[in-house]
Amino acid sequence: MTTYKLLLLPGDGIGPEVMTEVQKVADLLGQAGIAQFETEQGLVGGAAYDAHGKAISDADMDLAQAADAILLGAVGGPKWDGVPYEVRPESGLFRLRKDLTLFANLRPAMCYPALADASSLKRELVEGLDIMIVRELTGGIYFGEPKEIIDLGNGQKRGIDTQIYDTYEIERVGRVAFEMARKRTNRVTSSEKRNVMKTGVLWKEVITALHQREYADVALDHQLADSLGMQLVRQPKQFDVIVTDNLFGDILSDVVAMLTGSIGMLPSASLGEVDPKTGKRPALYEPVHGSAPDITGKGIANPIAMINSFAMCLRYSFGLGEAADQVEMAIANVLAAGLRTADIRHGIGAIASTAQMSAAILVELKKLLG
Ligand code: NAD
């Protein structure tokens, strides 16, 4: 049985609450002989700031570099609202992304049949929805320089952000999207704003060339980001894999998230480049949701996004696709049986606690593992 090194970074708020539950899933897979998970635990976000004065310590960064994969809960909360900008809780997450060059952010949006009525769209538009958004994560307008506010001296100020993309940045995220599509229904939609942005012109040019050179078997289309936003709420099931830049990906993936009913359900993965020498790919898996300070400590957080993130880790870091399917199936079965945490209850039936939800998932998973 293979042993994988997992670094657990529970973080703040409900992060530690949902991380506790995912550890039980890993333990069960270990007992079932699927794989062994050797876990280490570190601090990130406000918890790390309280302990070390920065949002992730160098020692924990070393653990992150050495791990086969990282599972992160969530960072942030009102307690740290006043801390200096460079050591704010999110800076721990940004350091992980930057130092491990986690350039591809995968955000799947699946709509469980049992939750289709919780979507803001009609059931027939979202039932069976299965979209994968691949967002460029380490470049673009969030990182480009200059990035500043200048005092113009006449009572006016000027805010500047800079969108920059180089060919290699577009190519490597495009490659992730095409590879992903080959394992799904073989379709990629690439999105930018080539009508008004030079980076959009380059984005389309690079993706088109990459497609012709290496992925001609995959169906590719290009959509302007504004029009894609419209299509995503009009006819979302027409899409398979969507690849786009950091800014548009940030916005569009949140739009898609809401189509599925609750933020407490959605996982994400952030992947780096495969090391040609070791074959290892840096990878961090985390729920889409934040630290949810409004429900922290109440024992009611939905653990499904965190457990789904672990399923992605099984699939993309460890090649354990079957085990990932079984975890996802266990979740679907529990939802189909009617169990709901408060965020997905929508006024109907009893409320399950975090522990009750994960206990039910473990029972289902045990059955599926045989
Ligand atoms: P949030 O995702 O924490 O919460 C939004 C709403 O969704 C809240 O009502 C919350 O109770 C609910 N919610 C979120 N996850 C849930 C779950 N698993 N189960 C049940 N309900 C859930 O977003 P926010 O309130 O905007 O941000 C709170 C803090 O989290 C802020 O400090 C923010 O900066 C941080 N944040 C961190 C991340 C991250 O760690 N990647 C992402 C987003 C926000």
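How much area does the protein chain expose, and what share of it do carbon and sulfur atoms supply? The protein chain exposes about 16,100 Å², of which carbon and sulfur atoms supply 53% (Shrake-Rupley method, 1.4 Å probe; for residues, only the protein chains shown count as cover).

This is a predicted model, in which local features need pLDDT of at least 70 and side-chain atom pairs count only at pLDDT 80 or more, while totals for chains, interfaces and linings use all residues. Residues are numbered from 1 along each chain as its sequence is written, and side-chain values use heavy atoms, with hydrogens and water left out.

**View 1. Asp217 and Arg182 form a salt bridge.** The N to O distance is 2.8 Å (a salt bridge is a side-chain nitrogen of Lys or Arg within 4 Å of a carboxyl oxygen of Asp or Glu). Asp217 and Arg182 are 35 residues apart and link distant parts of the chain. Asp217, at 45% relative accessibility, is partly exposed, and Arg182, at 37%, is also partly exposed (buried means under 20% relative accessible area, exposed over 50%, partly exposed in between; 1.4 Å probe, protein chains only).

**View 2. Glu192 and Arg194 meet in a salt bridge.** Their N to O distance is 2.7 Å. Glu192 is buried, with a relative accessible area of 2%, whereas Arg194 is partly exposed at 29%.

**View 3. A salt bridge joins the side chains of Arg315 and Asp325.** The N to O distance is 3.0 Å. Arg315 has a relative accessible area of 25% and is partly exposed; Asp325 is partly exposed at 42%.

Technical notes
Helix = DSSP H or I, 4+ residues; strand = E, 2+ residues; numbered from the N terminus.
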